[in-house]
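Trainee: Could you take me through one part of this model in detail? I'd like to look at the place where the two domains of a chain come together.

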Number of protein chains: 2
Amino acid sequence: MNPRELLINSFKAAVNAANPADLIPQHLPESPKGRTLVIGAGKAAAAMAVVAENHWPDDAALDGIVVTRYGHGMPTRRITVIEAGHPLPDEKGEQVARKILTKVQELSCNDLLLCLFSGGGSSLLSLPIDKISMDDLRDVTRQLLRCGASIQAINTVRKHLSAIQGGKLAAACKAPILALIISDVTGDNPTHVASGPCTPDPTTYADALAILESYEIKIPNNVRKVLTDGSQQKLDETPKPGSFIFNNVENRLIATANHSLTAAKKFFQGQGIATAILGDSVTGEAREVAKAYAALVKEIRQHHQPWKPPIALLSGGETTVTVKGNGRGGRNTEFLLSLAIELDGIENVYALACDTDGMDGTENNAGAMITPETLDRTKKLRINAKTLLANNDTYRFFDKLGDLVITGPTYTNVNDYRVILVL
Amino acid sequence: MNPRELLINSFKAAVNAANPADLIPQHLPESPKGRTLVIGAGKAAAAMAVVAENHWPDDAALDGIVVTRYGHGMPTRRITVIEAGHPLPDEKGEQVARKILTKVQELSCNDLLLCLFSGGGSSLLSLPIDKISMDDLRDVTRQLLRCGASIQAINTVRKHLSAIQGGKLAAACKAPILALIISDVTGDNPTHVASGPCTPDPTTYADALAILESYEIKIPNNVRKVLTDGSQQKLDETPKPGSFIFNNVENRLIATANHSLTAAKKFFQGQGIATAILGDSVTGEAREVAKAYAALVKEIRQHHQPWKPPIALLSGGETTVTVKGNGRGGRNTEFLLSLAIELDGIENVYALACDTDGMDGTENNAGAMITPETLDRTKKLRINAKTLLANNDTYRFFDKLGDLVITGPTYTNVNDYRVILVL
């Protein structure tokens with residue numbers, strides 16, 4: 001295989017390791033005495049629902065409703081699939097979330113609630129609490145997504161503006177709950193997948209308010225009133241760790257970045273190439289993380305330490321982009337363009353960075369690739385790499401080069417997959 | 001040794017490996033037919049001058065003048081030491097630079113110019129070109145130091161506003177030149193130590209102008225005119241690679257970050273602790289680089305890959321801080337506080353980050369240390385780590401904890417030394 005094929009095939013191995021069809025069946029429980037309600041939210045929700053209903057006994061009482069992103073729906077027989085807005089929530093998602101909450105409230109203790117959560121669920125399963133509107137929630141979400149805040153910080157806010165997340169779905173349910181989770185969040189804490197509808201929430205209204213203020217978000221009046229009232233104990237807090245609410249709840253991780261990186265590692269081993277996993281929970285500004293990795297690559301190339309080439313440096317997690325320009329692009333193309341600039345054409349270094357869900361930010365590409373020739377080729381095309389990076393216009397950069405990686409929706413999501421191949 | 005002692009002693013090993021007293025003698029050339037003029041600039045200039053004059057034949061014609069930072073002077077016999085401003089240039093530095101340029105112009109081809117350059121020289125050897133004032137230069141330098149620009153970018157500007165840097169000292173000299181260089185710049189390119197008085201300069205006026213504009217620097221009128229005129233070929237460019245000017249010039253690196261990291265590696269090996277050098281040229285925003293390293297530490301602790309503990313992760317280079325708050329602190333305390341927040345008290349992880357010159361930014365500390373207890377201890381002191389980091393107030397954080405590392409001037413400088421000890 002040539003370097004590009006090695007990169008692409010390692011990415012495929014990483015995505016396949018998070019494929020619901022292979023993962024879900026072994027985790028499905030016994031049918032309960034009563035009925036089973038399947039609910040779900042996330043980019044993988046439809047794909048997970050298909051597998052669940054296909055593997056569930058035909059004669060058992062099963063119905064359900066899951067919400068996924070526009071374009072991520074799939075045909076189902078027993079579970080309804082609705083498409084809604086992501087990364088910004090919309091009224092469609094609000095309607096589904098309200099329906100889900102109502103259905104869950106109807107369950108009894110002989111029933112079972114089977115939840116299928118995956119990345120994107122925080123936006124898709126959006127039900128603003130009484131005192132705020134969908135416009136308020138969307139406004140705050142839009143600002144948070146652009147300011148470089150971590151997903152943990154963003155979800156702290158979401159959980160305190162939601163009537164269903166932050167453990168509130170579990171609080172509304174009398175039936176035992178099993179939540180099967182494909183994690184796209186660094187650290188793989190279930191509270192951050194779909195903003196934890198069935199998990200205890202250790203954060204507070206005051207935390208949420210502090211986050212909005214620290215990022216200088218323009219806070220809508222209704223939102224400020226809710227968070228302020230909540231901070232003064234005038235509103236109920238989200239259910240906290242240790243609460244009896246979670247006695248009959250299991251949140252089970254079935255796919256994580258670590259699983260996928262390990263699959264990529266095995267792929268490279270099969271090709272006789274050593275690997276090093278630099279972390280499955282990498283955060284930080286994409287272009288700055290690229291600088292730290294570029295220094296490591298230079299160390300490997302120049303001093304043959306800490307490893308001799310050839311080696312594949314793997315990492316996962318979720319980097320951030322603080323948008324300053326008005327260009328197009330996601331965190332993976334931002335990472336790669338910064339890396340290309342830092343490496344400045346060093347020979348024998350190739351890299352790929354993609355979102356395992358098939359979508360880098362809000363674009364149609366999963367990510368992109370760089371080769372030692374990337375910058376040289378750009379000069380011939382009269383594209384200024386640094387100017388495009390400064391303008392967060394990294395999609396355009398790789399589009400012009402023909403080096404975007406486009407997969408379409410992968411119907412799963414364990415977050416970023418990055419590989420730097422030093423030959 | 002306990003973890004704190006391991007960290008401190010590894011730092012001492014790194015600094016000692018860049019000690020002029022041990023390095024200079026082997027690099028001193030034969031005396032020339034004529035006289036020898038020693039000039040120099042940098043935080044190590046006085047220390048280097050002392051060693052040079054002590055090892056030079058007593059009967060040979062030697063004199064000279066070097067400029068170092070306030071507080072970094074040392075008693076000398078034959079070479080004059082002058083103290084001047086750093087990191088912002090001042091009139092004292094301007095006077096010395098003018099005197100040096102004049103003395104160099106008097107040399108003949110039978111003489112020898114011995115240059116002693118080290119970190120800090122770019123500011124200390126500041127001679128604004130005719131059309132701009134020291135105030136103009138200081139104004140631009142102050143803004144550049146605060147905007148997060150790399151040292152390479154800053155020096156591109158300096159070289160085009162200087163009458164002595166960017167190869168212009170070499171251009172003024174008829175004698176052969178030997179420059180002994182202690183490198184504090186990532187990549188160890190001599191053009192960036194003291195802004196390369198004796199090296200070819202590949203950059204242009206247009207590059208300098210583009211850098212100032214990209215960081216939205218308020219450009220003084222005189223400076224803009226110089227850079228614009230230069231871009232339009234109305235002024236002479238700095239001497240470029242390949243120019244005959246450099247035929248009789250040798251720039252020789254005698255100490256680098258790599259030497260010092262290797263010395264620290266040997267120290268840990270002597271203690272039976274494995275090491276990994278993550279790069280000797282790490283750049284990037286200090287707090288973001290810390291996030292990439294925190295993910296690596298978590299990978300090591302949780303998954304025992306890519307290394308099993310115990311391991312010491314070493315790195316060098318020069319991170320940057322984009323100042324947004326009004327607190328006190330340098331890039332090493334900024335790196336450490338971000339690292340502590342990301343690690344959130346993970347056990348058995350210790351770290352030290354120090355500038356090998358003994359001064360982190362403009363403070364009196366070389367750097368600081370963190371332990372697994374750092375955040376817990378802060379809570380008891382009612383210090384909010386995140387708030388202080390947001391305000392770039394990281395000196396205060398470690399000062400309150402008593403965890404600053406204070407060495408005083410080390411009289412050398414191979415840039416940052418970072419070690420994360422995962423036990």
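**Where the two domains meet**

Mentor: Sure, let's start with how much surface is hidden: domain 1 of chain A and domain 2 of chain A bury about 1700 Å² between them, and carbon and sulfur atoms give 57% of that. Three residues stand out here, since Met359(A), Tyr411(A) and Asn413(A) supply 33% of the area that domain 1 of chain A buries against domain 2 of chain A, more than any other three residues. Keep in mind that this is a predicted model.

Now, which stretches are we talking about? In the domain assignment, domain 1 of chain A is made of 3-10 plus 257-422, while domain 2 of chain A covers 23-255. Their C-alpha centres sit 31 Å apart. At the place where they touch, 21 residues of domain 1 of chain A are in contact with 25 residues of domain 2 of chain A.

Next, zoom in on the charged and polar links. There's one salt bridge between domain 1 of chain A and domain 2 of chain A. Have a look at Lys43(A) and Asp357(A) too: their side chains meet in a salt bridge, with N to O at 2.1 Å. On top of that, three residue pairs are in polar contact across the interface of domain 1 of chain A and domain 2 of chain A. As for the kinds of residue, the side of domain 1 of chain A that touches domain 2 of chain A has eight nonpolar, 11 polar and two charged ones.

Terms used. Residues numbered from 1 in each chain as written. Chains lettered and ligands numbered in written order. Predicted model: local features only at pLDDT ≥ 70, side-chain atom pairs only at ≥ 80, totals over all residues. Heavy atoms only, no water. Domains from an automatic or database assignment. Contact = heavy atoms within 4.5 Å. Buried area = accessible area lost by both parts, 1.4 Å probe. Salt bridge = Lys/Arg side-chain N within 4 Å of Asp/Glu carboxyl O. Polar contact = N/O pair within 3.5 Å; in protein donor to acceptor, adjacent residues only side chain to side chain. Nonpolar A, V, L, I, M, F, W, Y, C, P; charged D, E, K, R; others polar.
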